[in-house]
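User: I would like to go through this model and ask, for each label, what it rests on. Please set each value against its criterion before concluding.

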Amino acid sequence: MNTLDAIRSRRNVRNYTDQPIGANDLDQILEAARRTPSSMNEQRWDFVVVTDREQLQELSKVWTYAGHVARSAATIVLVAPVADKADVRESIQYDLGQATMSIMLAAADLGIGSGHAAIADQKLIRKLLGVPEDHFGAWLIALGHPAEVPLKPIKELKRRPLDDVVHRGRW
Ligand SMILES: Cc1cc2nc3c(=O)[nH]c(=O)nc-3n(C[C@H](O)[C@H](O)[C@H](O)COP(=O)(O)O)c2cc1C
């Protein structure tokens with residue numbers, strides 16, 4: 001798939017087949033995450049990969065809307081350092097957003113679906129994954145082969161029209 005097709009095809013996929021993600025595919029997705037640009041190249045992230053079914057089921061309990069994690073073939077947990085200053089926290093979140101999109105587009109390129117989930121229960125994620133006290137679990141990205149419709153460029157996307165979101169020259 002070319003890049004624009006991967007962008008057009010990516011959507012949140014929350015139901016997956018039983019097919020595991022091949023080790024090479026998973027490594028390519030993680031390599032895409034590693035290559036993500038970050039503010040001052042600080043790379044304030046770690047990626048915990050979970051593939052064990054029981055662990056995935058426990059992981060899905062960290063947030064009300066993370067049920068798809070339990071069904072995923074693999075979930076990547078984005079872990080980042082705890083920061084006191086608001087501007088640093090914002091900058092970390094920007095970088096994590098970019099890493100998220102790298103992961104999702106690399107997955108789409110391979111025909112693998114992905115789905116975001118937030119993390120509310122820090123105590124549980126620390127217990128499940130051994131995340132140290134000076135780090136926190138930021139986001140979950142569930143991965144798996146789509147159970148229903150395979151990934152293909154979406155024609156009618158629920159998005160604001162281009163003319164509404166783009167301001168050419170000035171607002
Ligand atoms: C920051 C962020 C947090 C999200 N959190 C969740 C979540 O906790 N659970 C979930 O099922 N989807 C979550 N989503 C997915 C969004 O609902 C989804 O991206 C949006 O509705 C657009 O749909 P699409 O990704 O299929 O294009 C999140 C997306 C983003 C960008």
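**Strand pairing and ligand contacts**

Analyst: In this predicted model, strand S2 (residues 74–81) and strand S4 (residues 135–144) run antiparallel and are joined by 8 bridges.

User: What makes S2 and S4 a pair of strands?

Analyst: Pairing requires at least two bridges between two strands, and S2 and S4 have 8 bridges, so they count as a pair. Within this pairing, Leu78 stands opposite Trp139 in S4.

User: Why are S1 and S3 called edge strands?

Analyst: The open sheet has 4 strands in the order S1-S2-S4-S3, with antiparallel pairing. Strand S1 (46–50) and strand S3 (113–118) each pair on one side only, which is what the term edge strand refers to here.

User: Which residues surround the ligand, and how do you know that His116 makes a polar contact with the ligand?

Analyst: The residues around the ligand include Trp63, Tyr65, His68, Trp139 and Arg159, as well as His116, Ala117 and Ala118. A backbone N or O atom of His116 lies 3.4 Å from a nitrogen atom of the ligand; the cut-off for such a pair is within 3.5 Å, so this counts as a polar contact.

User: What distances support polar contacts for Arg10 and Arg14?

Analyst: An N or O atom in the side chain of Arg10 is 2.9 Å from an oxygen atom of the ligand, while for a polar side-chain atom of Arg14 the distance to a ligand oxygen atom is 2.8 Å. Each value is within 3.5 Å, and therefore both pairs qualify as polar contacts.

Conventions:
Residues numbered from 1 in each chain as written. Predicted model: local features only at pLDDT ≥ 70, side-chain atom pairs only at ≥ 80, totals over all residues. Heavy atoms only, no water. Helix = DSSP H or I, 4+ residues; strand = E, 2+ residues; numbered from the N terminus. Near = heavy atom within 4 Å. Polar contact = N/O pair within 3.5 Å; in protein donor to acceptor, adjacent residues only side chain to side chain.
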